[in-house]
Number of protein chains: 2
Amino acid sequence: MVVIPERPGGSGVTSARAAASYESDEGFRVPHKTVIIGGGAAGLGAAGGVKAARPDAEVVVYTEYEDVAYSPCGIPYVHGKEISDFDKLFLASKEQYVEAGIDVHYETTVAKVDTAARKVHVDGEGAVAYDTLIFATGFEYADPGVPGSDLDGLYYVKNIRRAMEWDRVLDSVKKAVVVEATPLGVEMTTSLAHRGIETHLVDPHSWPLGEMADPDIMAPVEESWRELGVTSHFNTELRGFVGQGHVTAVSTSDGEIPCDLVVVATHKVANARLAADAGLKIGTTGGVIVDERMQTSVPGVYAAGDCTEIPHGLTRVPLQGLTGSHAYAQGKTAGTNAGGGDRKYKAVYVPWGTPAGKWIIGGASFGETTATALGIPYVLGQAQGISRARYYPDVKPVKVKLLAEPGSLRLIGAQIVGGEGIKERADFLAMAVKHGFTFHDLATMENVYSPAIGALNEPIVVAATNGLDELRKAGKL
Amino acid sequence: MVVIPERPGGSGVTSARAAASYESDEGFRVPHKTVIIGGGAAGLGAAGGVKAARPDAEVVVYTEYEDVAYSPCGIPYVHGKEISDFDKLFLASKEQYVEAGIDVHYETTVAKVDTAARKVHVDGEGAVAYDTLIFATGFEYADPGVPGSDLDGLYYVKNIRRAMEWDRVLDSVKKAVVVEATPLGVEMTTSLAHRGIETHLVDPHSWPLGEMADPDIMAPVEESWRELGVTSHFNTELRGFVGQGHVTAVSTSDGEIPCDLVVVATHKVANARLAADAGLKIGTTGGVIVDERMQTSVPGVYAAGDCTEIPHGLTRVPLQGLTGSHAYAQGKTAGTNAGGGDRKYKAVYVPWGTPAGKWIIGGASFGETTATALGIPYVLGQAQGISRARYYPDVKPVKVKLLAEPGSLRLIGAQIVGGEGIKERADFLAMAVKHGFTFHDLATMENVYSPAIGALNEPIVVAATNGLDELRKAGKL
């Protein structure tokens, strides 16, 4: 998540129409107040969006926390000692928000929203009127739903102040369990292992990221975890947390795992209670339903980030719990529109990527696992390529797997595992899915060849070429 | 260049029609012989292409050199000590070509081609008949056209055996001059400086790569060369090489530069004399003219690689002297077609990239310099972005400059300078130009956000967004 206030009139996309819309017919300026609930990437993106669209708008952000201007996504890397200290995660000072005209109320809870009266009820402040309202209430970790959830020593990674405290705890932790191989679970497993803590990973699926990544993509990750001393317990159900006051073990379908600390990295669920109570329509994922302008079912009320759900570009299946980059862009959209501008947020094709063990994994849209679960037919193109000339120092493997629609051979998804250039390839492949590139397009694409930075044959090109070859051999082309 | 023989039926694209075409109507196999002149990336790509299309074809490759199976592109990096020795550049053994059924004749000169008789005249072998012929005769460095060109100590980087000899010479070189800041000149300047040699660069343009790269992209490169102790002499004409038997200085419009060695990195010109003598049509660049199937003006005769010219995708201006990756793909196309298959090589959008000083530079299609020279109007979108979260170790700057057609805002070119992910972005941007992506498409593209591998805002997205903002401010959107 980013926390740098936008310059008014800066990179927010605002139409000329919008810039004029806050003058009345008589030419008097009409005061406008936007209330934003939540100070994460979506909330701050929204605040910047409002200010860009309508520089004189009053913008108030309510957050339960002590800070807004930091990157929670960096927390696992401080725990893993890749980043030297938490101070580096703070990216803007509270004064910068004041200067940008964004009034952040820290450690403040919004108790209730009355959309009919256009008021929010703030603990300690009473009723606060708004012209437009933006929900950016984020996510919560799913309740593990097992006994012992009230024990000490269960760490839910979220807030930076708590992370600083937990980091001191980690100094004396010898053995930790990570519950669920979600994206955060994967990051924390890697980080704890890097830190030299004996780490166990418990997950009900057969491989990490079992609902989104494919087993062949995750196999090298599991192997590198083994090298780092991680013990993985897949196909394993969580039964409970064991201990007297403080957790001393995790109980699973595979037996008890003694430990000093548990990272509870269950999947994220939309924090949409307040929105639901206010009468906003909630979708099948539990997220607030929004249109392309990030407007909810109630006029004048917007939502953005992890509390919403967004349709997948190809399948229209609603997705919840995307990245900070998505949250920020959604926030900007909601804020621009709440400020009287006009900006759309389209369905998503979901480029993703993260370090995992000693590898970088990533992809776009979906892989075989999801396609199979959704009953979507596909043909495959795969390649084991390299990131530089094979003789150049630090050359890294790059495995690319492409899924295409049978017949048209339009790309519908991709997954990658390798050593470098994964994020840039994932970004490209998401655009390739969005714009309907086919195996033919990718097989004939040109690529940079320069020994230190790129191999003669780009792995994406080889994967598409191999996909075409397989079809040809099978008589299907 | 790559030198791994293609598996027959491997990644070459061959139509079903082609696979059947070498049986006569009576079902007897018709013998087929393809002669290839040149053992570089284009020649060996062609040999693999023929074998993939027509496994029983007789394929003979003639090369003037002692080797084929190595990467000349790696030579500057061995000189620069990034790669430890020349052995690493050898990628396949001579036996591998024998096993692949490719008959390479080393240290052999083809003296003449008679396309009417379908014969080549080979020094020491006499007349050799062919069914199809492929020119892959590569490039030569342009004659510097100044006195002293016959002195010892002038190094033209090309052949690996000579490079090994020159590498030993470099051990005792204190001061070197690189003539012209061409792509090879840029690489060699960086390499010689890395090696600790006092290096001077002489070039008639105002900045390095003065005909293709933009000055703002090259400015950080020049600065990093200064840090490495390189003295650049731009706007400086070469007057001659000075010395008695061995070069002792380079004479320029800016005075004499004493030196022990000169790397002559003048621009590449097509080595098309043999083709021209054989009556093949030659284009304005001096390269052999080919169609999409890499066929020359003479039926049954193909050409590929640096001896040809290929139209630029947008401007149709013929380009000569592309990369090893282009040469290899052209070779495969020529070989496939020469073997009776059907494969097309389309106009190029030219992703490029190379290390330069401490930076990586790259781009796609063209930059401002070329657009201006060609009289092509454009609007700009620029951004100074970063490659990872700003707090993550080894985060690198990434400057992106996008050129779009006024009005439609379709991308027509891009240039980049930065620390990592340049090659992957250049590949993507070439596809973006080819497929007509607009500033709007790029400004709304999703990107991976993960602190260790990607920033919240992808620099390409920021550049497109800034381009739109500039247009909006100027009232042009």
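In which sense do β20(A) and β21(A) pair, and over how many bridges? Here are some friendly notes on this predicted model, starting with that question.

1. β20(A) and β21(A), the latter a strand of residues 318-319 in chain A, pair in the antiparallel sense, with two bridges between them. A:Pro311 is found opposite A:Pro318 of β21(A). The two strands make a hairpin, and six residues lie between them. Do look at A:Arg316 in the turn, where phi is positive at about 65°.

2. β20(A), which covers residues 308-311, also has a parallel pairing with β18 of chain A, residues 288-289, through two bridges. Here A:Val288 has A:Thr308 in β20(A) as its bridge partner.

3. Chain B offers a nice open sheet of three strands, with the order β13-β14-β15 and antiparallel pairing. Its edges are β13 (238-244) and β15 (255-258) of chain B, each of them pairing on one side only. On average, neighbouring strands in this sheet are turned by 30° against each other, with direction ignored.

4. Within that sheet, β13(B) and β14 of chain B, residues 246-252, run antiparallel and are joined by six bridges. If you would like a residue pair to look for, B:Gly243 sits opposite B:Val247 in β14(B).

5. Now to the interface of the two chains. Chain B contributes 70 residues to the contact and chain A contributes 69 residues. About 5,600 Å² is buried between chain B and chain A, and 64% of that area comes from carbon and sulfur atoms. On the chain B side, the residues that lose the most area to chain A are B:Tyr391, B:Lys423 and B:Glu446, which together account for 14% of what that side buries.

6. B:Lys423 deserves a second look: its side chain meets that of A:Glu458 in a salt bridge, at 2.6 Å from N to O. Four salt bridges are found across the interface of chain B and chain A. There are also 20 residue pairs in polar contact across the interface, counting pairs with both residues at pLDDT 80 or more.

7. Which elements of chain B give two or more residues to the side that touches chain A? They are α9 (324-338), β22 (352-356), α11 (422-434), α12 (439-443) and α13 (459-473) of chain B. α11(B) gives the most, with eight residues. Sorted by class, this side of chain B has 33 nonpolar, 22 polar and 15 charged residues.

Note on methods
Residues numbered from 1 in each chain as written. Chains lettered and ligands numbered in written order. Heavy atoms only, no water. Pairing = 2+ DSSP bridges. Helix = DSSP H or I, 4+ residues; strand = E, 2+ residues; numbered from the N terminus. Axes fitted to C-alpha atoms, helices over the stretch in contact; angles between N-to-C directions. Contact = heavy atoms within 4.5 Å. Buried area = accessible area lost by both parts, 1.4 Å probe. Polar contact = N/O pair within 3.5 Å; in protein donor to acceptor, adjacent residues only side chain to side chain. Nonpolar A, V, L, I, M, F, W, Y, C, P; charged D, E, K, R; others polar.
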